[in-house]
Number of protein chains: 4
Amino acid sequence: MVIVMKTGASERNRDDIVENLKERGYGVHISVGAEKTIIGVIGVSPDAKAELSDQFEALPFVERCVSISNPYKVVDKNFRPEGTKINVRGVEIGGDLAVVMAGPCTVETEAQIMESAQIVKKAGAHILRGGAYKPSTSPYSFHGHGVDGLKMLAQAREATGMPIVTEVMDVRDVQVVCEYADILQIGTRNAQNYNLLREVGQARTPVMLKRGMSSRIEEWLQAAEYIASQGNYQIMLCERGIRTFETYTRNTFDINAIPALKELTHLPVIADPSHGTGKASLVPAVTLGAFAAGCDGAIIEVHPNPAKALKDGAQSLTPEAFESLMEQLKRLTAVTGRRL
Amino acid sequence: MVIVMKTGASERNRDDIVENLKERGYGVHISVGAEKTIIGVIGVSPDAKAELSDQFEALPFVERCVSISNPYKVVDKNFRPEGTKINVRGVEIGGDLAVVMAGPCTVETEAQIMESAQIVKKAGAHILRGGAYKPSTSPYSFHGHGVDGLKMLAQAREATGMPIVTEVMDVRDVQVVCEYADILQIGTRNAQNYNLLREVGQARTPVMLKRGMSSRIEEWLQAAEYIASQGNYQIMLCERGIRTFETYTRNTFDINAIPALKELTHLPVIADPSHGTGKASLVPAVTLGAFAAGCDGAIIEVHPNPAKALKDGAQSLTPEAFESLMEQLKRLTAVTGRRL
Amino acid sequence: MVIVMKTGASERNRDDIVENLKERGYGVHISVGAEKTIIGVIGVSPDAKAELSDQFEALPFVERCVSISNPYKVVDKNFRPEGTKINVRGVEIGGDLAVVMAGPCTVETEAQIMESAQIVKKAGAHILRGGAYKPSTSPYSFHGHGVDGLKMLAQAREATGMPIVTEVMDVRDVQVVCEYADILQIGTRNAQNYNLLREVGQARTPVMLKRGMSSRIEEWLQAAEYIASQGNYQIMLCERGIRTFETYTRNTFDINAIPALKELTHLPVIADPSHGTGKASLVPAVTLGAFAAGCDGAIIEVHPNPAKALKDGAQSLTPEAFESLMEQLKRLTAVTGRRL
Amino acid sequence: MVIVMKTGASERNRDDIVENLKERGYGVHISVGAEKTIIGVIGVSPDAKAELSDQFEALPFVERCVSISNPYKVVDKNFRPEGTKINVRGVEIGGDLAVVMAGPCTVETEAQIMESAQIVKKAGAHILRGGAYKPSTSPYSFHGHGVDGLKMLAQAREATGMPIVTEVMDVRDVQVVCEYADILQIGTRNAQNYNLLREVGQARTPVMLKRGMSSRIEEWLQAAEYIASQGNYQIMLCERGIRTFETYTRNTFDINAIPALKELTHLPVIADPSHGTGKASLVPAVTLGAFAAGCDGAIIEVHPNPAKALKDGAQSLTPEAFESLMEQLKRLTAVTGRRL
C-alpha cells in the first residue's frame, strides 16, 4: 500500500503516520517528492488493507491510499497457475472442452423442460440450464416453481444424462438446491449478497458466480474469494454483461473481461451472451466472439417457442438458431484448440 | 403498452398479433405509419407487462415493445397523493421535520456507540445509525458484532432516547433485528435481493431502502413495491449515490433523484451524502444541497475519531464537522419551510 | 412518433394536441387506455422529429414522446441492404477481406514509421496507421508532427504500397490531410464535433468514424449521417470501446455493437482493440473475438519498441506479438468465410 | 509517479528501470514489498507524466504506473488559493454574487430574444444566454442563425444592459463570436476538442467550459489547462450533468463536482440544471441544491413559450416558473452568504 500525503503536510504529520505504521508492525519506505511525500507500507495482507486504507484516508493530511497488491488470495492466478478444472458428472470445465450450457430461462412445465433438454442435447450442448427460483424486477411476475422445478430438472437430467445448472437466491434454499443441482448459479442481483456467497462456500457443489451488473473485475474476484474462503474452490466466473449508458442492448457484454480474468485468476470463465445482449439476434455473434477470445464455456438461453416463454423470450434462441450456432461453433473451435 | 412492428412486417403478421391480444382479453388500436405499424395494447396490468413484452419481442417481425404506464402501483404517487408520513417513536419522517440520522458506520464497542450517540444527539440529530451486520467487499474484513451490536444500539437508545436505524442483510436475521431496531435498513448490495425485500415486507417495522448502486429509479421503485406488496407500507427511499465512470468520488450522488422521486412516489426520500461522495470533505456541501432540493432527511456517518474507525473512516465526519454542518442546516431549513 | 399524455390529462388537452398536429399536416391515431391516452403521429420525418418531440414534451399535460422510427436515413440498413464496400487503393473494405490496419499510435520519425510499415506489411497488414495530428489529454504532451508527419506517412506508403489512415482533428486541416491520406480518421473526442463531420462529408476521401466514448449506437449513426448528408457515403464505423465504471481496462470494448451495427446500417464495421482495452496483453484475444463476431476489419497499434513510444506504449503490440496475432487470425478467418 | 513492478519481476528488471530513470534525470526511491516492488519517481513534471507512464507500462515486467500529483498546474487550487474572480461588464463571477445566467436555448427571432431578455432581466437574472450556433444530434435539425443570431443577442444586450454568453463550436468562428459575446461557451461535445480550446485560450474573452458528458473531473481540469496554457485565465467551469445508466433524466447532475472543484481549483463553478436534468419540472430543485452546495452561479434555460421553442422545450422554464425560482433563490442566498 502507498500513502500519498497532501501537498503542505508537515514532517510532523509524516512522522506520526510512520510511527503508527511501525507500531502495527509494518515496514515503511518514505519518498519525498517535489510536491508530495509518499509512504510505502510493506507487509499489509489483503485482509487488513481495506480497513487500513480507510483509516489513513480519514486523516486530514493524507490525500489518498493506493493499493498495490490484489485484494484477494485464493482466487489469484498465482495461487494455482495451472488453472482450475471442475468436473461435473464427467463434463470437465476449464479444460479442452468448449462447454455449452443451454436451456430455457425458466422451468415452466415438465413437458417444456424435457423438450428443451432434448433439443439442446441433440444440438450438442453439454449441460442443461433452467430456473426453478427466478428473480424478477416486478413483484407480480412469475417467480419459478421452486422445489417442483428442481424435480423437473432432475427428470430431464435422468432422461438425457446432462448435468444441470440452476440458480439459488436464498440462503434457506442452498441445501435443497444442492440436493438436485450439479452447479449452483449465483445471479447478478446476488453477486454481492455476501451471506449467500458464504453459504454456497460451505457447500461442496460447484458454483457459477455471475458478475454483478455494476461490479468491477476486482470486486467480482473478491466475491469469488468469499466463496473460496469457506473452502469451496470449485468456482467458475460468468460474464453476463455490465450496465452502461447504451440502451440498444440490455447490457454491454464485456469481452475484455475474458482475457483479463485469464491473467488474474485460475478460475474458469463462462460467457452469458443471452443476458449480455438481451437480444436473440445478437447472441450467435457474441457467443462466437467470446469463444474466440478464450472463454471456457457459454450459457445460452434456448426455448422451444420463445414467443410463448414466461420470461426472457426476447433473448432466447429458437431450436433452429441454436442448432445453427452450434454448427458455427464447431468450425470455430476446430481452429482454437478446443473440442466441442 | 405499444408494440412496434419491424419495417417490412406483413399485414398477416399484424393480424396474428391482434388476434393473439384479443384472445388474451386486451383492447387493441392499430396505427399504420409511413414506415412502421404500431399496435397500442389497452388494459395490460403492471403485473402482466414484463411477461407480455418479453413474449412479443421474441417474435421475428416485432421490433420492440414500449411500456407506457409505470410498472408499480402501491408506491405510485397517485396511490397516495398526500404523501406518506412515518412515525418512528415520535420522530415523524415525511412531514415538516428535516430528519437527521447520524452515527458511526459500524458499532465497534459499547463505549464507542454510546459516545457517538451522545455527540450526535447534542448536535441535534434525531435518529442514531450504526451497523451491527456489515457487508464488506473483502471476506477478511470485520463483519460486525451481530446481535451484540444490536444490544449496544439499544443501550444507546435507552440512554439518549433516539430511535435507531440499522442494516439487515440476511432473511434469517429479520426477526431479531426487528426486536431491536426502529428502522430496518436494506443496503445497496441487497437492493434487488427480492427474498429479503419480501421478508421485511412481512415485518411491521419501517424500512429504509437504499438505491442499488446501478438501479434506475424505476427499478428502485419496483424494489420498494416488493416490500409494499407484502403489506408493509412504511418505506423510505435512500439515495446513496450511483456507480459512474467518475473516480474522484466513491459514488455519484444523484441529486436529480430527489425531485424525480417527489414526482413519482408518495414515499419519503432520505439522502446519504456519506456514501454518495465517499469523502468527508464533500459531505457538508452535498447534505445542504440535498435538503435544498427537497429531501425529507439525511443519514450521515459521524465517528468520535474517524482515523480509528474500523470502516468508512474516510467518509465519516468528526464531531466538530458534524456540529458545524448542523449549524448551517439550521440556517438553511429556516428558509425552506422545514424544522430541524 | 407516439405522444404519451399524463394521467389526468383532459379531453380538451388531447384535442388541442390533435388539432396542432393536423395543422402541421400529420396523421393522428388516438388510443385511450385505462390510465393513459396515447397519440400516434404519422408522417414525421427524421428531420422534424427531435424538434417536435421537444415541443410536445414541454406541454404540462404530456408525459413524454416516444420515437418509433430511426433518426437517420442514408446510413440506415434499408437504404442499401446489400452493404457498402469501400475501395481504398485496391483494398476493399466491407467485402470478403478481413482488413487489418496496423502501425504506431504516432508518427515519431521517418525511420520509425518506415520500420513500422515494413514490420506490419511483412506480417500481413493491409493498411498503415499512424498519427500526424494527435489529441492529448494534457496540453503539455506531444501533439504530432502535422504536415511533416503526413509526408513521412506518404513516404512509407510509397515504399510499401500500403494505403494510409490518419486522424484529422481540425476543420482547417481537412484539405491538407486529404492530400496525403487514403482514409480520414475522426477520433473519439471529435465524434460529435459536427462542423468537422460536415467538413469531411464534403471531402471525397473515405472516412473512419470512431465511436464517441459515451455515444449510444443511435447517436453514433446520427454522427455518420452528418457525414453522409454532405454526400460522402464512404464511411466506416470504428468501435473503440466505451467509457464505463470498470477501471482495470482503459475502455470497455463493446462487442455487442458489431452485430448490432450489422442489423442497423450498411456501413462497414472496424474494431479497435488497442483503445478498446488499453492493454497490449488483452489486444490479441479481443481482436480475435471481434472478427469472430463479424467485424469487417481491425485497427491495431504496433510499435517497433513500445517502451520507447511517445504515446500509447502500454497498448501497442510488439512486432512479435503482432506477427503471432496475424497467425491466429489466419486460422480464424479460414473458418469464418473471410480472407486475410 | 510510482511504478509498480509485476510479481516475479527480477532485480535485473528493476535495475534497468532505475538506470533509465536516472539517465532521464529523475530521482528514484525503491521499496521492496512482500510480493511486489515499487519505484517512486521524483521530479516528473505534469507535462512529462503521461508519456513516461505510457512507456513504462509498455514494459512486460511493469504492472502499472500510479500518478501521484495532479496533471495540471495553472488551474490547480494552489496556483491561486484566493480564487479567481471574473468581471464581465460589471458582473463579478466568483465573488459574493450568486450569478444567474438565463435565456432561451436558441436565438430564434429578434422578438423572441428581446422578449426573453426582458423576462429574465425583470426576474433578476444577471447575464443573458442564447445560442447562435447550435450543435444538434441530427444533421437535419436547426443549427442556429450564426452571425445574425449574434447580432440579435447584441441588440438584446443594448436594450437590457445584460452581458451575453453564447456558444462557439468552430475554430473559424472564434474571432467573430468574440466581437459580440461577453462570455464564450464551450459545449459538452467540444469539451475535448483541443484545437478549439487552444483557440479560445488565445482570445481574451472569458470562457465558460462545460464538462464533457463523460469527462472525469481530472480530464475536465486538463481541458481547462489547455485554455489557460495559452494565456487566457478567465475560465469558469460548468457542470451540466454526466452520462450514466439512468434514463428517467437526460443526464445525471453531478452535485459532488461542486465541492470537489472547490477543493481542486481556483476557477469559478457554474451549474447547468437544465441540461443536468433535461426536465423543466426538476430544474428548480436542482438549482437550489447546487447553490446550497456552493456553486458560484447557474445557467438556466427560460423560454417565453417552451411549447413553441425550436430546441430544448422540455427543459426550459416558463417565465412564471423562473420568477418563482428566483424568489426561492433569494431566500436561499440570504442564508448562504451570497447576494442575488
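Me: Which residue follows α10(C), and what sign does its phi have?

Reply: Happy to start there, with the reminder that this is a predicted model. α10(C) is followed by C:G294, and the phi of C:G294 is positive, near 110°.

Me: And the helix itself: how many residues of α10 in chain C are buried?

Reply: The general idea first. An α-helix has 3.6 residues a turn, so residues three or four places apart point the same way. Now the case here: helix α10 of chain C, residues 283-292, is mostly covered, with ten of its ten residues buried. Among them are C:V283, C:P284, C:L288 and C:F291, along with C:G289.

Me: Let's move to the interfaces. How large is the area buried between chain D and chain B?

Reply: The size of an interface is often given as the accessible area lost when the parts come together. For chain D and chain B that area is about 3000 Å², and carbon and sulfur atoms give 66% of it. Three residues stand out: D:F245, D:Y248 and D:N256 supply 22% of the area that chain D buries against chain B, more than any other three residues. In terms of contacts, 37 residues of chain D touch 37 residues of chain B.

Me: What polar links does the rule find across the interface of chain D and chain B?

Reply: There are two salt bridges across that interface. D:R211 forms a salt bridge with B:E246, and their closest N and O atoms are 2.7 Å apart. The count of residue pairs in polar contact between chain D and chain B is 14, both partners being at pLDDT 80 or more.

Me: Which elements of chain D give two or more residues to the side that touches chain B?

Reply: Those elements are α8 (257-264), α9 (273-277), α10 (283-292) and α11 (319-336) of chain D. The largest share, five residues, comes from α10(D). By residue class, the side of chain D that touches chain B divides into 18 nonpolar, twelve polar and seven charged residues.

Me: How is chain D laid on chain B?

Reply: Two copies of a chain are related by a rotation about an axis and a shift along it. Here a turn of 180° and a shift of 0.0 Å along the axis lay chain D on chain B with an RMSD of 0.0 Å. That is the relation of a two-fold axis. In chain D, the C-alpha nearest the axis belongs to D:G289, 1.9 Å from it. The same surface serves both copies, as 100% of the contact residues of chain D recur in chain B.

Me: What does the interface of chain B and chain A bury?

Reply: Chain B and chain A bury about 4600 Å² between them, with 48% of it on carbon and sulfur atoms. B:T137, B:Y140 and B:R243 supply 15% of the area that chain B buries against chain A, more than any other three residues. Here 50 residues of chain B are in contact with 50 residues of chain A.

Me: How many salt bridges and polar contacts does the rule find between chain B and chain A?

Reply: The rule finds four salt bridges and 23 residue pairs in polar contact, both residues at pLDDT 80 or more. One salt bridge joins the side chains of A:R172 and B:E199, at 3.3 Å from N to O. On the side of chain B that touches chain A, α2 (46-57), α6 (194-202) and α7 (217-228) of chain B each supply at least two residues. α2(B) gives the most, with seven residues. That side of chain B divides into 18 nonpolar, 15 polar and 17 charged residues.

Note on methods:
Residues are numbered from 1 along each chain as its sequence is written. Chains are lettered from A and ligands numbered from 1 in the order in which they are written. This is a predicted model: local features need pLDDT of at least 70, side-chain atom pairs count only at pLDDT 80 or more; totals for chains, interfaces and linings use all residues. Side-chain values use heavy atoms; hydrogens and water are left out. Contact means heavy atoms within 4.5 Å. Buried area is the accessible area (1.4 Å probe) that two parts lose on being put together, summed over both. A polar contact is a pair of N or O atoms within 3.5 Å; within protein, one must be able to donate a hydrogen and the other to accept it, and residues adjacent in sequence count only if both atoms are side-chain atoms. Helices (H or I, at least four residues) and strands (E, at least two) are DSSP runs, numbered from the N terminus. Ala, Val, Leu, Ile, Met, Phe, Trp, Tyr, Cys and Pro count as nonpolar, Asp, Glu, Lys and Arg as charged, and the others, Gly among them, as polar. Copies are superposed by least squares on the C-alpha atoms of residues with pLDDT of at least 70 in both. Buried means under 20% relative accessible area, exposed over 50%, partly exposed in between (1.4 Å probe, protein chains only).
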